[in-house]
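Subject: Structure handover and notes

Hello,

The structure is inserted below, and my notes follow it. Please read them with the coordinates open.

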Amino acid sequence: MAADSEPESEVFEITDFTTASEWERFISKIEEVLNDWKLIGNSTGKPLEKGVYTTGTWEEKSDEISFADFKFSITHHYLVQEPSDKDGKEELVEDALPLPMQDLLCMNNDFPPRAHCLVRWYGLREFVVIAPAANNDAVLSESKCNLLLSSISIALGNTGCQVPLFVQIHHKWRRMYVGECQGPGVRTDFEMVHLRKVPNQYTHLSGLLEIFKSKIGCPLTPLPPVSMAIRLTYVLQDWQQYFWPQQPPDIDALVGGEVGGLEFGKLPFGACEDPISELHLATTWPHLTEGIVVDNDVYSDLDPIQAPQWSVRVRKADNPQCLLGDFLTEFFKLCRRKESTDEILGRSAFEEEGKEVADITHALSKLTEPAPVPIHKLSVTNMVHSAKKKIRKHRGVDESPLNNEVLNTILVFLFPDAADKLADGFESRPSTSAGNNPPPESEDYNLFSQFKSAPSDSLTYKLALCLCMINFYHGGVKGVAHLWQEFVLEMRYRWENNYLIPGLANGPPDLRCCLLHQKLQMLNCCIERKKARDEGKRGSVADRSPGGTSGDAGKGADHSGDNPDKEKEVGKSWESWSDSEEEFFECLSDTEDLKGNGQENGKKGGAKEGNKEPVNLKPEGRLHPHGKLTLLHPGEPLYIPITQEPAPMTEDLLEEQSEVLAKLGTSAEGAHLRARMQSACLLSDMESFKAANPGCCLEDFVRWYSPRDYIEEEVVDEKGNIVIKGELSARMKIPSNMWVEAWETAKPVPARRQKRLFDDTREAEKVLHYLAVQKPADLARHLLPCIIHAAVLKVKEEEALEDISSVKKIIKQIISHSSKVLRFPNPEDKKLEEIIAQIMSVEAIIARARSLKAKFGVEKCENEEEKEDLQRFVNCLLEQPEVSVIGAGRGPAGSIIHKLFVNAQRVSAVPPLDEELRRSGSAEERRLNAGAVSDFPPPTGREVILRTTVPRPAPYSKPLPQRMYSVLTKEDFRLAGAFSADTTFF
């Protein structure tokens with residue numbers, strides 16, 4: 001038994017034929033996807049309207065399936081349609097063809113300009129494609145193709161799906177598809193031929209008709225008529241030079257340094273090459289019947305002038321070279337440079353360190369020397385004199401990146417006040433420098449606050465434009481470094497000689513602008529303070545305000561006493577300043593006499609203040625009487641003192657200050673120190689107030705400085721009279737609060753003899769050092785918002801001349817995008833590149849509009865109605881993939897297109913003069929007879945759609961739609977056939 005059972009156990013093997021094979025699993029997956037997408041059952045829909053394939057919305061759904069380990073993607077493409085109102089079941093007709101078969105015969109959407117290739121070839125509104133998932137995979141062998149076709153045929157039969165199913169075969173670039181569509185008792189096979197070389201017999205209509213009829217194999221002897229739609233496409237490439245409106249700048253002249261034709265401060269605009277590369281004219285015969293036209297290898301009736309429909313599309317040049325885009329791109333490249341100015345230019349103008357140190361000490365010593373500042377005649381030559389001396393020592397004049405003519409032109413543009421103006425005449429310049437500003441309420445002017453750039457009439461904005469121009473035309477990064485070096489030297493020259501910087505708004509730094517603009521404004525504040533102080537020394541005027549506008553500050557304080565709402569402004573002005581007492585600089589008196597007098601008064605004030613007895617101190621530093629308030633105890637009028645202005649701050653200083661205050665922590669000691677640092681301005685104002693109002697008390701100061709902290713009430717006294725009694729607010733009564741402490745430590749010292757809240761000398765040197773150490777890359781980063789701001793304004797200006805609605809929308813998007821990106825420090829390079837790319841795209845669109853306007857002669861057209869039609873036609877060409885020509889070849893646009901082709905033909909092959917003279921007849925006859933031969937080149941593309949309805953495969957079969965699409969180009973020939981057959985009666 002054991003011996004018998006051994007061979008049985010070895011042979012025992014069961015093959016389970018019920019297990020699904022890979023092929024069956026693949027078919028099952030196809031059916032599952034079709035079910036999930038609800039593509040099962042009868043397809044219903046309305047007849048297609050004309051042009052719906054172009055204007056309608058196409059959508060697609062995708063999934064992934066696999067045959068063994070080979071992955072396919074399955075995609076459903078469909079036109080989104082409104083659901084039918086009627087019930088689908090009622091619409092079903094017994095012999096109705098599936099919807100895709102009806103679409104094969106629909107003539108409303110032949111040759112759609114923008115659609116999937118299968119839509120163009122077969123006219124389908126819905127289909128499913130199975131293609132290899134990976135781009136480099138392909139189904140090449142015939143057996144695999146047949147296996148896939150069998151798979152989709154079985155899947156369609158099992159599910160009852162009436163949507164056509166295609167399989168992509170061969171390499172993807174060939175766009176080869178085979179497919180099938182099934183309905184009740186009918187089937188359509190989709191077949192394709194793709195060749196590189198065209199057989200001669202198929203280059204014309206008669207040969208295509210032969211192949212179509214032979215493929216149908218209709219058994220009927222009188223064959224039903226074949227309906228034809230024909231489209232011939234002509235390409236115009238050789239534009240005439242005079243059709244291009246943009247005059248590119250003379251690059252040689254600009255690089256050579258000739259400034260005559262170059263206007264600094266304006267960005268260039270427009271394309272250097274024609275942004276429209278080709279014009280495609282499609283001449284269409286939509287409804288022809290076999291026998292009406294003759295088209296064979298000998299003769300053709302297909303004259304483009306006679307075509308009932310013309311449509312045009314333009315091919316845009318890929319990334320045309322545009323001036324504004326090039327400027328922006330090259331300037332943006334500066335941001336990635338690593339070199340410093342010294343490395344680019346060799347040893348810079350700041351090389352002589354010993355001399356520079358001497359200059360700085362000399363600048364500081366000016367505070368102690370009452371000698372008047374010598375005023376020279378201000379001119380461009382004086383401006384750059386010291387710079388030239390230093391540069392010539394280390395670099396020959398000829399080696400300078402910028403020659404003198406270009407440099408002087410830029411400096412005069414940046415500093416118009418320096419062009420042969422006397423210093424006396426220059427005194428009033430700053431107040432009038434903003435006379436040509438755009439209105440501040442205009443949207444374009446206020447763009448700088450969104451972009452964090454600088455106002456369009458400011459020095460910073462002009463500097464950015466000049467650097468952009470220098471970078472592109474005059475030596476690149478070396479020219480930029482050279483100009484920046486000259487600019488920094490000019491800033492130092494102006495600081496040392498008390499010349500205000502033009503093109504900057506008065507007042508403290510505007511935090512809405514870029515940091516570089518704030519630094520220049522800070523330097524201007526320093527110059528203004530220094531200038532006022534030096535003038536005070538020369539004039540020996542007593543009680544001179546240290547700040548140029550401290551009188552205004554006092555007036556503001558005066559009004560704050562009248563209006564409680566002003567309290568916040570006063571509070572803000574001193575709370576925004578913080579500095580430790582050790583950092584203050586001693587402010588020297590105006591003259592030796594005043595110095596002695598001041599010390600004596602200071603001693604008296606200190607002694608008497610300690611005894612708390614009112615004494616007859618001489619009041620000092622009064623601005624004007626308050627008018628309404630009097631001192632509580634002496635009853636004398638309250639005088640508003642001359643006060644120091646709070647120190648102006650740039651955003652980096654504010655950030656630094658906030659970090660210092662935050663580091664003090666939350667301890668009691670830290671909080672006390674923080675309060676002392678923030679009360680420097682308060683202490684200064686208290687000292688000024690005590691000096692102006694001898695015998696005053698804290699209540700007097702509070703009534704003027706912070707009226708809300710002095711509460712007045714009506715009370716009845718002992719005699720029954722109503723009197724007003726006042727007292728300090730609750731926060732002022734807190735023991736050891738900062739106000740009480742400051743008041744006790746404050747001495748009666750007028751503002752001119754106090755420690756300076758704002759040390760203009762130190763701040764100016766800090767700004768000048770900051771400017772001197774900027775690398776070209778840092779400079780480009782600072783000024784890039786200004787360049788983008790200028791580019792947006794330029795684009796808006798150019799768009800206003802063309803009035804293109806699509807461009808207006810893009811400009812709004814650019815402004816919105818830029819304001820989000822540029823508002824924050826150190827924006828990402830990628831986001832900046834996106835902004836520049838958007839600006840370049842707008843420039844290209846406007847350049848295309850101008851190119852088309854010139855080609856179609858819109859401006860030269862005298863008839864207003866025709867001009868409007870042409871303008872509309874040009875706008876449509878920019879925004880739509882294909883535009884119909886009204887009136888075809890005989891309309892205004894058609895006649896212009898005809899002339900363009902005629903001119904191009906004459907240039908390519910000029911006919912002999914005697915041949916022209918031999919032509920007879922009227923101009924119209926010559927045009928009609930010779931138009932197809934001489935006026936147009938051979939068609940670049942020939943598309944033909946042949947349709948018919950015949951019984952197939954037997955005479956008694958059901959008549960079914962047959963369709964064949966043919967496209968013939970220079971290197972491509974394709975036949976796409978959809979042939980239907982009756983599967984019931986065959």
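Where does Arg-752 lie? Arg-752 is in the loop between helix H29 (738-745) and helix H30 (760-772); helices (H or I, at least four residues) and strands (E, at least two) are DSSP runs, numbered from the N terminus.

Before the rest, the conventions. This is a predicted model, where local features need pLDDT of at least 70 and side-chain atom pairs count only at pLDDT 80 or more, while totals for chains, interfaces and linings use all residues. Residues are numbered from 1 along each chain as its sequence is written, and side-chain values use heavy atoms, with hydrogens and water left out.

Back to the loop. Arg-752 has a relative accessible area of 8%, so it counts as buried (buried means under 20% relative accessible area, exposed over 50%, partly exposed in between, with a 1.4 Å probe and protein chains only). Its C-alpha is 8.2 Å from that of Gln-644, although the two are 108 residues apart in sequence.

Backbone points

- His-170, in the loop between strand E4 (165-169) and strand E5 (176-183), has a positive phi near 60° without being a glycine. His-170 is partly exposed because its relative accessible area is 24%.
- Lys-452 is not a glycine either, and its phi is positive at about 55°. The residue sits in the loop between helix H18 (447-451) and helix H19 (459-473). With a relative accessible area of 17%, Lys-452 is buried.
- Gly-857, just after H33, takes a positive phi of about 60°.
- The peptide bond between Arg-952 and Pro-953 is cis, with omega about 10°. Pro-953 belongs to the loop between strand E15 (941-951) and strand E16 (959-969).

Helix H33

H33 covers residues 829-855, 27 residues in total. At 1.5 Å a residue the expected span is 39 Å (1.5 Å times one less than the number of residues). The end C-alpha atoms are 38 Å apart, which agrees.

Surface patch

Which residues form a nonpolar patch on the surface? They are Trp-23, Leu-147 and Ile-154, with about 220 Å² of accessible area together. Patches are made of residues with over 30% relative accessible area and no salt bridge (a side-chain nitrogen of Lys or Arg within 4 Å of a carboxyl oxygen of Asp or Glu); like charges are joined within 9 Å, and nonpolar side chains (Val, Leu, Ile, Met, Phe, Trp, Tyr) within 5 Å. Areas come from the Shrake-Rupley method with a 1.4 Å probe, and for residues only the protein chains shown count as cover. Ile-154 is in helix H7 (residues 142-159) and, at 32% relative accessibility, is partly exposed.

Regards
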